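This report describes how the parts of one structure meet. It treats in turn an interface between two chains, the division of a further chain into domains, and selected salt bridges.

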Amino acid sequence: MAGLVPSSGKSAAFAPARIWLMLPSWASIGFFLLLPVLLMLVYSFLTKEFRGGVVWEFSLSSYDRFFLDRGLFGDEPPQIEWTYIAIFWRSAWQAGLATILCLIVGFPTAWFIATRPSHTRSLWLFLITIPYWVNLLIRTVSMKFLIRDNGPLNEWLMAIGLIDAPITMINTNFAVQLGLFYSYLPFMVLPIYAAVERYNFALNEAAADLYAPKWRVLWLIVLPVVRPGVIAGCILVFVPSLGAFLAPDLLGGAKNWMIGSLIEDQFKGAAGNWPFGAAVAMVLLSIVLVVLFIYARSHARASEQ
Amino acid sequence: MSNLKRYPGFLPMTIFCLILLYAPLLIVMVYSFNESASITRWGGFSLVWYRDVFFGIEAAKYKAAAWNSLIIAMSAASCATVIATCAALAMLRGGSFTGKSASFALINLPLMVPEIVTAVATLIFFSSIGFQRGLLTILVAHIVFCIPFAYLPIAARLQGIEAHYEQAAMDLYASRWRAFRLVLMPLMMPGIIAGFLLAFIISLDDFIITNFVKGAGIETLPTAIFGAVKQGIKPDIMAISTCMLMVSVLFVTASYFVNRLGNQNN
Amino acid sequence: MTFGRLTTTVAALTFCAGGALAEGKLSIYHWFEYIPQELLDRFSEETGIEVTMDTYDSNEAMLASLKGGTLGSYDVAVPGDYMVQIMRDEGMLDTIAEGELINKANIEEQWLNVDFDPGRMHSIPYQWGSTSFAVNREVYAEDIDTTDMIFNPPDALKGKINVLDTQGELLALASLHLGIPQCSADREQLKKLSETVNAAKAHWASFNSDGAKDVLVSGDAAVGMIWNGFGAKARVEGAPIEYAYPKEGYVVWMDNVVLLKDAPNRDNAIKFMDFLLEPENIAEVSNFAQYTAGVKGVTPLLTDDLKSSPEQNPPASAPAGTFVKVCDQETQALYDAIWTRLKK
């Protein structure tokens, strides 16, 4: 996402045509994404029809249901509804943990690759990129197959005598975590790699001349310089993890729902409550935009310094 | 110097990272050649599940799904590449104009909005304008989220090209279109191809958005696989997965060589 | 790659997508893993009609999808009894005119004048069966003919239970367990129902309909709420299970092929319904899915395995099954609330 904001154009050769050149992207994204998101906001304030479907009637009931519990018959004094907050909380810590784990494994990997001599470096990079290009669904299914009760991992652990009976991993929070971590690990490695590759190692030399211990050099000198890459990696892992659907659905079963599963059930499942689904999606989008806003602010502040 | 770059434990971590990334994929590949129908016991090497996928009772279904996936990815990537190329020209060669940063944010909007939110919004949009869901709705949704993926490599490439190329051409009274067509575009080609390939694979990869906006009776490979997996992982799914894996590897290899070619030309 | 070629590709594609509503098609919305692909292929061969099929995993999911805008893109669907009535009341079904179905006389007498579709104006019988649960006998060897297995499980089975993700059947089974009527408006009874299922949920491992067979075969679950035919398939695939006919009662159902409103290929839908009223065709579904057809002359065409399967032949001691009832809107809203609280 740390994309190419063109600060000053090198050339304005195409300036007279720029309106026409921008028009296709304005039109397609504006009409088919921006407008739909606004429409989704409207939908979250509509009323669900009894058997499914939507009535164009203003109502706060979706947000009311999200935040307040009024009992089975709807006539008890409202209390805070913890169910959906809990699902959001689970999603947040799962995504956060996945980000931290990806960072712990991804940073050394990125560093290692970036410091290879240039002819082997591209090979290492190639090895990391392949899984990134493999279909996410297939990777998640592979993980599901690997860790199921009678799956290869359990069989193998039993064969080498480490365990006596299969460990249940599937349909647990652990499985979801593994799935998220596994899905988005390449997203962490690539931006950090890009940052480390540009890093000027003369700084390390200078530090070594002053007898600074290596790990302190990493912490105090390298990390602040490559921080934009690290933060970009964290966002690229955290944001998709937060709204993930495949990992919780295929690996977590119905008891470890994350936000993605909750939303999907409202539209594709039996719940059939579009306004509520739109409201949940709206809450998710707001959280993501806040995270991105904080990122953009810190990015701007960092480049000012 | 090189000693300063080396940290103990970083190599094992890299190896661990690679094992983790590859182990599940390799195991699925191995088991796709398993003769036994019981998916965890090894019954000898066999191609029986591949025969099942290509000639079995459900072959027609998977063929149609693969065909849909391919058509959509091809068209979505083509459209997104054209749109992104135009946008890159405007952003990098169009001088400064009001709404430039807003335009940049808009191009990147599909990256910022979580996929599931895009899926929901698109579904609501098509349903409220009464547009019948089908192949076309999938295509439109795919074009939109492919644009930023095509834009990144194209813009990166264009930024590296000095402006005096097209200026020289236009000094010689080439029209803007001819300057682009004959001078700038050939130089941008590695970026355009990389953008196309990235958009293509992103479209091929998508499950969530497709699942929301697809019409009756229309499946792409990911939605067909997902439907089958819901009823349990069967060996034929592993065979399909292995095939798709191979296609992905082919694509990475292709884009790798395109990149190298582009770098050599520079 | 020139831009000219790109635009040609796109133009060609748009054209293809636009022409998707061609003649000679049939769009089916069906339960998953129910109809053999061979039968659909044979229908295509005999009639030249190209068949596409989407699947769902519960009556409620089908209703939600159709209500969400897919009505008008499918020709036929296969709802269960109570869902036929709901869809009829919602005006989602087209009427089959008298004489339109050539094979209507093949329908068995007892399935002709049914409560949910008197005179079969919108539907034909497809298959009928029961819903209770199957227990892995290697894990649990004692008496299983009680709904306690699901709603008040013994310690040995706690945490190893899979239930179907189907509101109508699960809440009906729970009502039978408690001995309260369906569509009750009594607040105490509804509270009890809600508490019972929520307490039982603590012992359930998963809500899974598509995987209901797979979890029993793979051993991921030791008890699985399941349809009798699907349970039979799990047993044939190697699960050491026994299907229970609990003393408190169990759910029976009939799935029906309905003609949907605004069907894009109405004529072909009628042809398909006639095709499924031929004994040899519908028998193929029974042999595949292990349920019972509602068409005359099917019995001699069934496999011996099916005729003698324990899932098909309840013991003499078993009580009669109960159909899921359709409640009025006010009451249904309460049951919807119970379900939502259970699922959340």
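Buried area is the accessible area, taken with a 1.4 Å probe, that two parts lose on being put together, summed over both. The size of an interface is often given as the accessible area lost when the parts come together. The structure is a predicted model, in which local features need pLDDT of at least 70 and side-chain atom pairs count only at pLDDT 80 or more, while totals for chains, interfaces and linings use all residues. Residues are numbered from 1 along each chain as its sequence is written, chains are lettered from A and ligands numbered from 1 in the order in which they are written, and side-chain values use heavy atoms, with hydrogens and water left out.

**Chain B**

Chain B has twelve helices and zero strands, where helices (H or I, at least four residues) and strands (E, at least two) are DSSP runs numbered from the N terminus. Its C-alpha atoms fill a box of roughly 70 × 65 × 30 Å along the principal axes. Of the 266 residues of chain B, 60% count as buried; buried means under 20% relative accessible area, exposed means over 50%, and partly exposed lies in between (1.4 Å probe, protein chains only). Among the contacts in chain B with a separation of 6 or more (a contact being heavy atoms within 4.5 Å), 72% come from residues 24 or more positions apart.

**The interface of chain B and chain A**

Chain B brings 105 residues into contact with 95 residues of chain A. Together the two chains bury about 9700 Å², and 79% of this area is on carbon and sulfur atoms. One salt bridge is counted between chain B and chain A, the term denoting a side-chain nitrogen of Lys or Arg within 4 Å of a carboxyl oxygen of Asp or Glu. The residues concerned are Lys230(B) and Asp249(A), whose closest N and O atoms are 2.9 Å apart. Eleven residue pairs, both at pLDDT 80 or more, are in polar contact across this interface. A polar contact is a pair of N or O atoms within 3.5 Å; within protein, one must be able to donate a hydrogen and the other to accept it, and residues adjacent in sequence count only if both atoms are side-chain atoms.

Helix H2 (residues 10-32) of chain B provides the largest share of the side that touches chain A, with 15 residues. By class, that side of chain B has 75 nonpolar, 19 polar and eleven charged residues. Here Ala, Val, Leu, Ile, Met, Phe, Trp, Tyr, Cys and Pro count as nonpolar, Asp, Glu, Lys and Arg as charged, and the others, Gly among them, as polar.

**The two domains of chain C**

An automatic or database domain assignment gives chain C a domain 1 (13-128 + 254-308) and a domain 2 (129-251 + 312-343). The centres of the two domains, taken over C-alpha atoms, are separated by 26 Å. Domain 1 of chain C contributes 22 residues to the contact and domain 2 of chain C contributes 19 residues. These domains bury about 1800 Å² between them, 55% of it on carbon and sulfur atoms.

Two salt bridges are counted between the domains of chain C, and six residue pairs (both at pLDDT 80 or more) are in polar contact across their interface. Helix H4 (81-89), strand E4 (123-136), helix H11 (279-289) and helix H12 (304-308) of chain C each supply at least two residues of the side of domain 1 that touches domain 2. The largest share of that side, four residues, comes from H4(C).

**Selected salt bridges**

Over all chains, 23 salt bridges are found in the whole structure. The table gives some of them.

| Residue pair | Closest N to O |
|---|---|
| Arg187(C) and Asp75(A) | 3.1 Å |
| Lys213(C) and Glu33(C) | 2.5 Å |
| Lys233(C) and Glu33(C) | 3.5 Å |
| Arg42(C) and Glu284(C) | 2.8 Å |

Arg187(C) lies in helix H7 (residues 187-201) of chain C and Asp75(A) in the loop between strand E3 (68-69) and strand E4 (79-80) of chain A, so this pair joins two chains. Arg187(C) is partly exposed at 40% relative accessibility, and Asp75(A) is partly exposed at 48%.

Glu33(C), Lys213(C), Lys233(C) and Glu237(C) are linked in a network of salt bridges. Within this network, Lys233(C) is buried at 11% relative accessible area, whereas Glu33(C) is partly exposed at 23%.
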